Amino acid sequence: MWIPTPIGGLWLQVGPQGVRVLEPALFPRGPEARGPLAEAVRERVLAYFAGARPDFLDIPLDYEGLSPMRVALYERVRLIPYGRTESYGSLARELGLSPRAVGAGMRASPFFLLVPAHRVIHADGRLGGFAGQEGLKAWLLHFEGVWP
């Protein structure tokens, strides 16, 4: 399912276990997502960009093929509330990972907004990477009121 947003299109794929992919994309790709879950994600994403503060926690994610540590990281990052940030280092200490492993996990996440990787920053306030889209990370944090 193609979801138009102020930052460009998002491509959604769902499966029987939950969302497989929600990511920025230049054009639709793959089979069109349909059904109640796809509609719920679309509505929630549109509400987010309309200024609502959904947490997406009730949206099931399809973690098939991911390591237990990656799943634990994603589930922990899902708990970072709208308008707040946490550091790579604090998440690493809490989960028994290295800060680089946290960064790599965030960079590899196929769950844009659903796992709010944009809310994970350096302890000194620098944004850090965002899979080559640091401007998008800054935009999202500014939109949420936590970045100048």
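Student: Why are helix α3 and helix α4 called roughly perpendicular to each other?

Tutor: In this predicted model, α3 (residues 88-95) and α4 (residues 99-108) pack at an angle of about 105 degrees, with their axes 8 Å apart. Angles of 65 to 115 degrees count as roughly perpendicular (under 35 is roughly parallel, over 145 roughly antiparallel, the rest oblique), so the term applies to α3 and α4. Residues are numbered from 1 along each chain; local features need pLDDT of at least 70, and side-chain atom pairs count only at pLDDT 80 or more.

Student: Which residues make the contact between these helices?

Tutor: With contact meaning heavy atoms within 4.5 Å, Tyr88, Gly89, Leu91 and Ala92 of α3 meet Pro99, Val102 and Gly103 of α4.

Student: What makes Arg20 and Asp62 a salt bridge?

Tutor: The term requires a side-chain nitrogen of Lys or Arg within 4 Å of a carboxyl oxygen of Asp or Glu. The closest N and O atoms of Arg20 and Asp62 are 3.4 Å apart, and the pair therefore qualifies. Arg20 lies in strand β3 and Asp62 in the loop between α1 and α2, so the bridge ties together parts that are 42 residues apart in sequence.

Student: Why is Asp62 called buried?

Tutor: Buried means under 20% relative accessible area (exposed is over 50%, partly exposed in between, with a 1.4 Å probe and protein chains only). Asp62 has 8% relative accessibility and therefore counts as buried, whereas Arg20, at 40%, is partly exposed.

Student: How do you know that Arg76 forms a salt bridge with Glu86?

Tutor: Their closest N and O atoms are 2.7 Å apart, which meets the cut-off. Arg76, Glu86 and Glu94 are linked in a network of salt bridges.

Terms used:
Heavy atoms only, no water. Axes fitted to C-alpha atoms, helices over the stretch in contact; angles between N-to-C directions. Helix = DSSP H or I, 4+ residues; strand = E, 2+ residues; numbered from the N terminus.
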